[in-house]
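Please open the structure in your viewer and keep the selection tool at hand. The stops below are meant to be followed in order, one selection at a time.

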Amino acid sequence: MLKFFARWLTPFNIIALLFLGGVATFRWFQERPLAIGVAPEITEFMRGPQRPALNLKLYFAAVDGRNFAIESRNIRTDGETLGHRADGTVREWLKGPTAQGALPLLPRDSAPPGVFARKDSIVLDLPKSWVQRRMGRTAEWLYACGLTNTLLGLEGVTSITFLSEGKPLETLAGHVSTRTPFTAQECK
Amino acid sequence: MKPIFVISRLILSALLVGVTALVFAQPSSKLLRVGGLSLRAVFPAGTQVAYADASDLAVALGLQLQVSQGAVTLVQGGRILRITLLENVASAANYGWGLYVNGSNQRGQAAGYQAGQLLLPVRTVANGLEATLADDASGLVFNVPAAKLQTVRSDTSGEGDRVVFEFTRDVGFTARLDGQDAVLNFPAASGDEVNYEVGGAFVKTVEVRRGQSVLEARVPLANGVGFSTYARPAANGVPARVVLNVSSSFTRPEVKLQDRQVKVVLDPAGGGADAGVSASGLREKDLMLSFARLIGKRLATSGVQVRYTRNGDANVSLSERKQASLSSDVFISLSLVGLNGSSGSGSTIMTLAPDAARDGLLAKARAALETETDESRRRLLSDVVAVGGASALLAEPIQNRLLALAKPPEASSTTNPPANGQTPTVSEPAIPGLSVQSLVVSREAVLEMAPKAAALIELGWLSSDTDRVWLSNPESMRLLAETIAEGVLEYLAPVLNNALTGPKPTSKPKTTGKP
């Protein structure tokens with residue numbers, strides 16, 4: 001019997017056995033059930049610095065249909081860049097007014113536009129549905145300047161450019177010329 | 001590798017490099033100098049044909065411009081250029097016979113649109129005017145040779161006198177009454193300073209003087225007589241002629257028969273797939289079309305030429321609307337508002353701020369008209385553009401007349417009850433609930449290219465219960481349309497008084513005047 005084992009106890013077989021054992025041990029270690037523990041509380045350090053709330057003035061239509069109704073809101077955006085802040089602002093504007101005496105200028109379920117920041121200018125790439133709306137010149141001016149004034153409230157923004165599907169836009173919705181960027185001067 | 005393959009590859013590579021270099025070497029635009037103005041000539045992709053903005057070129061050359069379906073017409077005195085108009089400027093550049101000069105077909109490229117802008121082939125226009133187009137290092141130079149006054153002929157009779165100015169080539173001109181004299185100005189014309197004796201009952205002499213780039217003919221008229229003018233093109237050896245008719249039958253001080261009729265362009269919003277603002281079964285595109293037709297019908301009865309940007313349920317692009325506005329004396333766009341939940345109502349007349357014209361040349365021409373002191377140049381410019389305040393002058397009578405519909409006929413009738421104690425009779429306004437305001441706006445795209453008086457009338461709010469009552473009432477709409485038409489006529493009154501009268505010439509000149 002011993003003679004039988006001695007015959008198999010070669011250095012090669014020993015090394016091979018050790019290797020197989022090592023592999024089995026590694027596999028067991030990988031698949032072992034994890035112990036259930038209690039997650040440590042998230043500390044301020046783990047969360048990172050708190051992003052400050054963005055204070056906005058949102059411009060909607062007043063009920064008379066000729067003036068603006070302005071609402072102040074605090075929002076938190078997905079990021080710190082101007083693009084993030086502008087995107088969050090437009091999405092908040094799209095939610096429409098909450099106070100009495102103000103009217104939304106677009107349906108609340110409208111698809112959001114593409115929002116890009118280019119230096120001190122915000123570029124809005126509007127979906128087709130936005131530019132195909134018809135509301136008449138008076139309401140369209142409120143729509144153009146409502147968005148413009150809202151976005152010009154962001155720090156460092158001086159002009160708003162409207163595009164549609166990535167191309168220059170002749171008019172916002174049939175009347176208001178959008179061939180050049182809007183500035184605060186025009187929408188007073 | 002065989003030498004033949006190497007050589008063919010080399011040739012192909014050289015060709016590719018050459019073509020690429022050619023494409024990039026072709027300038028996309030060049031400076032174009034025309035009559036003292038600097039314009040921009042563009043080269044549509046893949047062509048070497050210079051094109052320039054139609055209205056800019058017409059203004060720079062002092063030509064009348066008319067755009068119709070399939071053709072652009074330019075008028076210089078008796079010379080009428082008709083250039084075929086295609087949708088795409090790239091295909092227009094390859095067009096071979098796009099020019100008609102006084103009805104005769106000639107070689108030339110067609111006109112076309114590029115990104116909504118109407119472009120004219122510069123060389124074709126130069127050929128049509130028998131002008132030269134030079135290409136030097138600084139750009140293109142468009143040079144119209146001066147027309148030379150050859151002679152002045154006259155024809156006298158008991159009914160009237162006629163003075164005929166004969167030129168070596170077609171010439172633009174303006175005519176005006178200066179005191180007792182008829183004064184004809186021929187810009188860019190040359191000629192000797194001469195006094196002619198006519199000896200007619202109404203015209204005794206003709207005095208020709210040279211001014212700065214203008215030849216002036218002064219014709220003293222007998223008391224109480226008026227005059228008319230018209231031009232005949234040079235043809236078959238007959239020189240170009242400008243004819244002055246003087247007769248006691250002309251009751252107006254001045255009539256220019258070659259002038260086009262006063263034209264009002266009406267632009268109903270929407271059309272085709274674009275229904276515009278809608279509410280309660282009412283659609284902007286239907287209401288505004290029928291409303292425009294009512295206004296047009298009233299204007300036409302007063303002798304005004306009326307055109308519509310659409311006269312049916314058709315899609316009309318913004319660029320087509322702008323093109324239509326180019327040739328208008330008055331351009332009126334008609335639309336409605338709709339904002340759900342709003343209490344807004346009433347009519348708004350909007351005009352562009354005088355400095356809001358997007359077209360730079362239009363703004364320059366307006367500024368020139370406002371500052372020009374030379375009467376002949378003023379008249380030339382006023383054929384093409386109106387002063388910046390013209391739109392405000394149009395809006396005022398329209399607003400005043402609409403306001404009259406909004407007020408009760410006798411406002412005081414409700415203040416003092418009758419002595420017999422009965423309930424006072426309350427006078428209803430013609431359109432109950434109507435309010436009217438006018439606004440000066442910016443960025444109204446459809447008004448941006450209109451060279452003369454232009455307004456957007458937002459007639460009412462489809463979201464307003466009050467407005468929907470009269471917007472859906474045919475009688476109210478007829479009354480509103482007629483009121484607006486009356487306002488337009490009030491604005492046009494001075495123009496109409498001068499342009500719509502005067503007999504046409506009937507006989508040819510017989511005698512020659514003596515210098």
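**A surface patch in chain A**

Begin by selecting Phe4(A), Phe5(A) and Trp8(A), which together make a nonpolar surface patch of about 360 Å²; as you look, please keep in mind that this is a predicted model. Stay with Trp8(A), which lies in helix 1 of chain A, a helix that covers residues 2–8. Is Trp8(A) buried or exposed? Trp8(A) is partly exposed, because its relative accessible area is 49% and the partly exposed class lies between 20% and 50%.

**The whole of chain A**

Next select chain A as a whole, in which there are six helices and eight strands, and follow its elements from the N terminus in the order α-α-α-β-β-α-β-β-β-α-α-β-β-β. Of the 188 residues in chain A, 41% are buried, while the chain exposes about 11900 Å², with carbon and sulfur atoms supplying 61% of that area.

**Where chain A meets chain B**

Now show chain B as well and select the residues in contact, which are 26 residues from chain A and 30 residues from chain B. The area buried between chain A and chain B is about 2000 Å², and carbon and sulfur atoms give 47% of it. Four salt bridges are counted between the two chains, and one that you can select is formed by the side chains of Glu170(A) and Lys322(B), at 3.1 Å from N to O. Finally, colour helix 6 of chain A, residues 137–152, which with four residues gives the most to the side of chain A that touches chain B.

Note on methods:
Residues numbered from 1 in each chain as written. Chains lettered and ligands numbered in written order. Predicted model: local features only at pLDDT ≥ 70, side-chain atom pairs only at ≥ 80, totals over all residues. Heavy atoms only, no water. Patch = residues over 30% accessible without salt bridge, like charges linked within 9 Å, V, L, I, M, F, W, Y side chains within 5 Å. Areas by Shrake-Rupley, 256 points an atom, 1.4 Å probe, with all protein chains shown as cover. Helix = DSSP H or I, 4+ residues; strand = E, 2+ residues; numbered from the N terminus. Buried < 20%, exposed > 50% of the residue type's maximum accessible area, 1.4 Å probe, protein only. Contact = heavy atoms within 4.5 Å. Buried area = accessible area lost by both parts, 1.4 Å probe.
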